[in-house]
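Biologist: Could you take one part of this model, the surroundings of a single residue in the interior, and describe it closely for someone in their first year? I would then like to follow your account outwards, step by step, to the surface and to the loops.

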Amino acid sequence: MSLFVPKFDETVIVREADAELVGQDPTRVRLLADSDATGGALSIVRVTLGEGADGAVPHVHRNSAEMFYLLDGAAEVLSGDDVVTAERGDLVVVPAGRPHAFAAAPGATADILIVITPGVERFEYFRHLQRIRLGEATVESILDVQERYDNHFLRSTAWDERR
């Protein structure tokens, strides 16, 4: 087991009013702190989902774990072949290499704090998704940057049957 020691000198403070917001209803992402701000330790976003809205399709991070903390509402979270419903105050941590996805539970909204560790460039990933939504990039272009963002898409029968 190796020990990763992040390298950054200043305390990271992000005011809500200063955080970049991407997306639009029913899925909004507030970009809080990226890996470059935390010396590679963490990448942190807050995802707000409208009633029953999808958050992320099944994917895997080969090099990072992902934490989901439910600030409010309820979300379905895929972890491997299991789909669990997390509610306000619940925490789900998915280890590196494990397929996962998330969405607001049917009939519910969800407000989720998401932390990836070690950090990986997430802000540009979400900006890329925004460009796709706006028609400035093709859906297929996300496949070309899977390695860069350590975000590898896959199929999940368990998720498909649930969603």
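Modeller: In this predicted model, Leu49 touches a set of residues that are not its close neighbours in sequence: leaving aside those within four places, its contacts are Pro26, Thr27, Asp54, Gly55, Phe102, Ala103, Ala104, Thr109, Ala110 and Ile112. Leu49 also belongs to the largest nonpolar core, which has 28 residues, and is among those with the most contacts inside that core, together with Val45, Phe68, Phe102 and Ile112. At least two residues of this core come from each of the strands β2 (27–33), β3 (43–49), β5, β7, β8 (100–104) and β9 (110–117), and also from the helix α1 (123–133). Another core, of five residues, lies apart from this one, and among its members are Leu78, Val83, Ala101 and Ala103.

One of the contacts of Leu49, Pro26, deserves a second look, for the peptide bond that joins Asp25 to Pro26 is cis, with omega at about 15°. Pro26 is found in the loop between β1 and β2. A cis bond is also seen from Thr117 to Pro118, where omega is near -10°, and Pro118 lies in the loop between β9 and α1. It helps to keep in mind that most peptide bonds are trans, and that most residues other than glycine have a negative phi.

The helix α1 can be followed next. Its buried residues are Phe123, Tyr125, Phe126, His128, Gln130 and Ile132, and they pack against β1 (20–24), β2, β3, α2 (146–149) and β10 (152–153). After α1 comes Gly135, with a positive phi near 80°. A positive phi also appears in Asp150, which is not a glycine, with a value near 45°. Asp150 is found in the loop between α2 and β10, and it counts as buried because its relative accessible area is 4%, where buried means under 20%.

From the interior we can move to the surface by way of β7, since this strand has two faces: Val92 and Val94 make the covered one, whereas Leu91 and Val93 make the uncovered one. Leu91 counts as exposed because its relative accessibility is 52%, and exposed means over 50%. The strand β7 pairs with β5 in the antiparallel sense, over four bridges, and within this pairing Glu66 stands opposite Val94 of β7. On the surface, Tyr69, Leu71, Leu91 and Val93 together make a nonpolar patch of about 340 Å². The elements that give two or more residues to that patch are β5 (65–79) and β7 (91–94).

Charged side chains add links of another kind, and taking a salt bridge as a side-chain nitrogen of Lys or Arg within 4 Å of a carboxyl oxygen of Asp or Glu, the count comes to 12. In one of them the side chains of Glu16 and Arg30 meet, at 4.0 Å from N to O. This pair links distant parts of the chain, for Glu16 is in the segment before β1 and Arg30 is in strand β2, 14 residues apart. Glu16 is exposed, at 53% relative accessibility.

A salt bridge also joins Glu147 and Arg62, whose closest N and O atoms are 2.8 Å apart. Because Glu147 lies in helix α2 and Arg62 in the loop between β4 (54–60) and β5, the pair ties together parts that are 85 residues apart in sequence. Glu147 itself is exposed, with a relative accessible area of 57%.

Asp82 and Arg98 likewise meet through their side chains in a salt bridge, at 4.0 Å from N to O. Asp82 lies in strand β6 (residues 82–87) and Arg98 in the loop between β7 and β8, so this pair ties together parts 16 residues apart in sequence. Both partners are partly exposed, Asp82 with a relative accessible area of 47% and Arg98 with 32%.

Finally, we can return to a residue met at the start: Asp54, a contact of Leu49, is linked with Glu76, Arg162 and Arg163 in a network of salt bridges. Arg162 falls within helix α3, which spans residues 157–162 and also holds Asp160. Asp160 is partly exposed, with a relative accessible area of 40%, and although Asp160 and Val57 are 103 residues apart in sequence, their C-alpha atoms are 9.6 Å apart in space.

Definitions and conventions. Residues numbered from 1 in each chain as written. Predicted model: local features only at pLDDT ≥ 70, side-chain atom pairs only at ≥ 80, totals over all residues. Heavy atoms only, no water. Patch = residues over 30% accessible without salt bridge, like charges linked within 9 Å, V, L, I, M, F, W, Y side chains within 5 Å. Areas by Shrake-Rupley, 256 points an atom, 1.4 Å probe, with all protein chains shown as cover. Buried < 20%, exposed > 50% of the residue type's maximum accessible area, 1.4 Å probe, protein only. Core = buried A, V, L, I, M, F, W, Y, C linked by side-chain atoms within 4.5 Å. Contact = heavy atoms within 4.5 Å. Pairing = 2+ DSSP bridges.
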